[in-house]
Structure formats: C-alpha cells, structure tokens
Amino acid sequence: MPLLSKYTMKLADSPFWTFAIHDGQHIDPRVLPYQLLKEEDRMREEDPYTALIAELPCNRFIMETSRFQLDINRGIEDAIYLRPDQAWGLDVWRKDVPEDLVNQLRLDHEAIYAIIESNIQQTISKYGYFVILDIHSYNARREGPEQEINTETDPQINIGTLHLNAKWHPLLERLMYELGKEKVNGEPLDIRENIKFKGGYLSKVINQLFGEYGAVFAIEFRKDFMDEWTGIPVPHHVEAYKQLMMKALTVLNQYFYYDGKE
C-alpha cells in the first residue's frame with residue numbers, strides 16, 4: 001500500500017541538511033474522517049512557516065503531512081496521537097479508527113525513517129560528515145493571544161542537544177556564539193540550550209546512529225514570527241529567521257573547512 005504520509009526531499013551538493021518535520025498541515029482523505037480536530041486547532045500545534053525558514057541552499061527534508069496524522073519526531077508507539085495525553089490533552093482520533101489504518105501509519109513511520117537514514121548514510125559516504133538543522137517552533141501564549149511571554153522560561157531560540165555526541169560540543173559552542181552575535185528586528189537574540197526542549201526522536205535516532213560522523217541540532221523558534229492563535233505570519237520576521245539559518249550554514253562551512261583539516 002502506498003504511504004499515507006507525504007514528504008518532500010530536495011537534494012543538493014552539500015553535507016548539510018535542513019529538516020522541517022512539523023511544518024505539514026495535510027491530512028490524507030482516507031484519514032480525515034477519523035480526525036476530530038478542526039484545521040485551526042491542528043495548526044496551533046503544527047509548525048507553519050518552518051519550511052520557509054528551512055529553504056536554504058542545502059539538502060532539505062520537509063514533512064507535508066500534519067503531525068496529527070503522523071508525528072515522525074516521536075517513537076513509533078507515540079507517533080499517532082491515539083490518547084489525549086499524547087497530544088496536549090486533545091482528542092485527536094475517533095474511537096472507531098480502523099486498526100489497519102493505524103498499522104499503515106506505523107509502516108509509514110518505519111519507511112520514512114529508512115529513507116532518512118539511507119540519505120544520511122549517503123551524505124556521510126560522499127563527504128565524510130553531515131549536520132542537520134532540525135527546525136521547529138513552539139507556542140509561548142497558550143493561555144490566550146494577549147498572554148505576556150515569560151522570557152525567563154521561553155527563549156527566542158532553544159537548541160536541543162540532549163542526544164548530541166560529545167565530539168560536536170565545540171561546534172555547538174561555535175554555532176551558539178556566532179548566532180548570538182546576530183540581531184532580529186534590531187534586538188539581540190536570546191539563544192539558549194535545552195531550556196524548553198532537548199531534542200525529539202529524530203535527533204535521538206540520527207545522533208545515536210551517526211553521531212561519530214555528524215550531528216542533529218534541534219532548533220526551536222518561539223512563535224514570535226506569527227500569531228500562534230490565528231496563524232498569520234509576520235513576513236519580515238520569518239525572513240529574519242531564515243537569514244539566521246543562512247548564517248548557521250556559513251558557520252558550519254567555516255567550521256568543517258578549517259577545523260575538519262586539523
């Protein structure tokens with residue numbers, strides 16, 4: 001049976017990747033009758049516009065399917081939100097969802113990971129190393145659109161590194177230092193490590209499988225670049241974060257050009 005879950009992969013002559021695995025908002029027509037949430041309710045927990053931020057001159061992997069159909073940033077047992085405790089207390093699926101549909105989505109999960117792992121292995125074979133910028137976003141106004149953001153607990157950018165091989169800590173420090181010198185809308189950036197999120201299943205799997213050859217940095221942008229309740233973007237802010245990721249690519253290129261030769 002063909003995959004129920006859709007993705008786009010664009011290959012480039014580069015050892016680097018951007019991923020936007022929660023950008024997708026598509027629900028397969030065979031799945032939609034069993035979904036309880038409205039599109040606007042799903043959107044609040046999806047990561048719209050992260051595919052635009054990830055649109056950089058490197059390899060790209062973008063999930064087109066909503067995380068409410070299949071969340072590949074979770075292990076296979078939690079990748080389908082069958083219980084409210086898996087989905088911020090939300091009832092996502094009807095009780096009568098067919099078991100064969102659930103099983104097919106789990107096969108999707110396995111197939112997509114096989115594709116990702118194969119492509120990372122090919123990158124390693126060609127270049128000897130790789131880096132994935134795993135781009136996400138998160139809500140900071142869950143109580144309502146007028147809620148004041150708690151800047152102590154909710155940094156503008158959170159980099160999740162729980163699963164990072166210690167070999168890449170110098171690269172992490174370089175990346176955070178260089179990005180921390182940038183400004184967005186004229187203001188200094190608040191970039192911190194493992195405050196809100198420490199890296200999901202994608203980061204865990206790829207870092208564990210291929211950590212000697214490269215790294216996944218799980219980058220969470222606070223949803224300042226959009227209204228998280230209406231979904232309306234702030235275009236210049238989206239572009240500013242895209243340019244910040246361009247700077248990250250520059251840092252990666254410099255790091256591997258100079259340090260990789262030592």
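## Met43 in helix H1

Met43 has a relative accessibility of 10% and is therefore classed as buried, the cut-off for that class being under 20%. The structure is a predicted model, and the values below are computed from it. Met43 belongs to helix H1, which covers residues 39-43.

Leaving aside residues up to four places away in sequence, Met43 is in contact with Pro48, Lys223, Met226, Glu228, Trp229, Thr230 and Gly231. Gly24 lies 19 residues from Met43 along the chain, and the C-alpha atoms of Met43 and Gly24 are 9.3 Å apart.

## Helix H5 and its cover

Helix H5 runs through residues 201-210. Its buried residues are Leu202, Ser203, Val205, Ile206, Asn207 and Phe210.

Several elements cover these buried residues of H5, including two strands, S2 (16-20) and S4 (130-138). Helix H3 (99-127) and strand S9 (214-222) are also among the covering elements.

## Salt bridges between separate parts of the chain

Side chains of opposite charge can pair when their charged atoms come close. In this model the count of salt bridges is 16.

One of them joins Arg106 to Glu77, with 3.9 Å between the closest N and O atoms. Because Arg106 sits in helix H3 and Glu77 in the loop between strand S3 (59-63) and H3, this salt bridge ties together parts of the chain that are 29 residues apart in sequence. Arg106 has a relative accessible area of 21% and so is partly exposed, whereas Glu77, at 54% relative accessibility, counts as exposed.

Another salt bridge pairs the side chains of Lys247 and Glu182, at an N to O distance of 2.7 Å. Lys247 is in helix H6 (residues 235-258), while Glu182 is in the loop between helix H4 (169-180) and strand S6 (183-184); the pair links distant parts of the chain, 65 residues apart. Lys247 counts as partly exposed because its relative accessibility is 21%. Glu182 also counts as partly exposed, at 28% relative accessibility.

## A buried pair and a network

The side chains of Asp224 and Arg222 form a salt bridge with an N to O distance of 2.7 Å. Are Asp224 and Arg222 buried or exposed? Both Asp224 and Arg222 are buried. Elsewhere, Arg67, Asp71 and Arg74 are joined into one network by salt bridges that share partners.

Note on methods: Residues are numbered from 1 along each chain as its sequence is written. This is a predicted model: local features need pLDDT of at least 70, side-chain atom pairs count only at pLDDT 80 or more; totals for chains, interfaces and linings use all residues. Side-chain values use heavy atoms; hydrogens and water are left out. Buried means under 20% relative accessible area, exposed over 50%, partly exposed in between (1.4 Å probe, protein chains only). Helices (H or I, at least four residues) and strands (E, at least two) are DSSP runs, numbered from the N terminus. Contact means heavy atoms within 4.5 Å. A salt bridge is a side-chain nitrogen of Lys or Arg within 4 Å of a carboxyl oxygen of Asp or Glu.
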